[in-house]
Amino acid sequence: MYTGFGMGFGTFELLFMIVFICVIVVFIVMAVKGLATWNRNNHSPRLSVSATVVTKRTDITYDQHANAGDVTGAHGFHTTTTTRYFVTFQVESGDRMEFYVNRSEYGMLAEGDRGTLTFQGTRYLGFERNV
């Protein structure tokens, strides 16, 4: 049977290949962007500046996964959550910078805290509160 695609590809196979190639391209682009950011941060100077914590926020994502071997209705899935923590600092010039921080740093910082922010590019390195 002639399908119109010289090599015997059907519509499904062609669409599958297109989607597969798109997924690979997106993966490569994201990897290159991540490596570029990592490299740019490594080549940026480490700076320590006076700053104030102006706001904190979280980003929570929910992922639903199928339970292995259990395909019975609502019990066939479990949900996992991932929480990312962000803190926005304002420096003396009035500029604001938001950094991803780990959970323990997030818990130790409070809005209004003043101190010395240390960072390298977009990488948060620490905050030492004034006493």
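# Working through rings, strands and polar contacts

A 2.6 Å polar contact links the side chains of E105 and Y124. Keep in mind that this is a predicted model. The exercises below start from that contact and work outwards.

**Exercise 1.** Find where E105 sits, and decide whether E105 is buried, partly exposed or exposed.

*Solution.* Start with the secondary structure: E105 belongs to helix α2, which covers residues 103-108. Next, take the relative accessibility, which is 25% for E105. Buried needs a value under 20% and exposed needs one over 50%, so E105 ends up as partly exposed. For a spatial landmark, try V87: 18 residues separate V87 and E105 along the chain, and their C-alpha atoms are 9.3 Å apart. Finally, go back to the partner in the polar contact, Y124. Y124 is a member of one aromatic cluster together with F89, F99, F119 and F127.

**Exercise 2.** Work out how the rings of F16 and F20 are arranged.

*Solution.* Two quantities do the job, as a pair of aromatic rings is described by the distance of the centres and the angle of the planes. Begin with the total: there are nine aromatic pairs by the rule that centres lie within 6.5 Å. F16 and F20 form an aromatic pair, with 6.4 Å from centre to centre. Their planes are 15 degrees apart, and the pair is stacked, because angles under 30 degrees count that way. Now place them: both residues are in helix α1 (residues 11-42), four residues apart, or about one turn of the helix. Last comes accessibility. F16 has 52% and so counts as exposed, while F20 has 49% and so counts as partly exposed.

**Exercise 3.** Which rings have K56 and R57 over them?

*Solution.* Take K56 to begin with: K56 lies over the face of Y106, 4.3 Å from the ring centre. Then look at R57, whose charged end sits over the ring of F86 at 4.2 Å from the centre.

**Exercise 4.** Trace how β1, β4 and β5 are paired.

*Solution.* Strand β1 (residues 46-66) and strand β4 (residues 114-120) run antiparallel and are joined by seven bridges. To get the register, use V49, which stands opposite L117 in β4. Move on to strand β5 (residues 123-129): β4 and β5 also pair in the antiparallel sense, this time over six bridges. Here the register can be read from G115, opposite R129 in β5. The β4 and β5 hairpin has two residues between the strands, and in this hairpin G121 has a positive phi near 65 degrees.

**Exercise 5.** T52 and D113: buried or exposed, and what do they touch?

*Solution.* T52 is in strand β1, whereas D113 is in the loop between α2 and β4. With a relative accessible area of 18%, T52 is buried; D113, at 14%, is buried too. Now list contacts, skipping neighbours within four places in sequence. For T52 they are T88, F89, Q90, G112, D113 and R114. For D113 they are A51, T52, V53, M108, F127 and R129. Check the two lists against each other: T52 has D113 as a contact, and D113 has T52. One more step: the side chain of D113 makes a polar contact of 3.0 Å with the side chain of R129, and R129 is the residue of β5 that G115 stands opposite.

How values were computed
Residues are numbered from 1 along each chain as its sequence is written. This is a predicted model: local features need pLDDT of at least 70, side-chain atom pairs count only at pLDDT 80 or more; totals for chains, interfaces and linings use all residues. Side-chain values use heavy atoms; hydrogens and water are left out. Rings of Phe, Tyr and Trp (its six-membered ring) pair if their centres lie within 6.5 Å; planes under 30 degrees apart count as stacked, over 60 as edge-to-face and the rest as tilted. Buried means under 20% relative accessible area, exposed over 50%, partly exposed in between (1.4 Å probe, protein chains only). A charge sits over a ring if NZ of Lys or CZ of Arg is within 6 Å of the ring centre and within 35 degrees of the ring normal. Two strands pair if DSSP finds at least two bridges between them. Contact means heavy atoms within 4.5 Å. A polar contact is a pair of N or O atoms within 3.5 Å; within protein, one must be able to donate a hydrogen and the other to accept it, and residues adjacent in sequence count only if both atoms are side-chain atoms.
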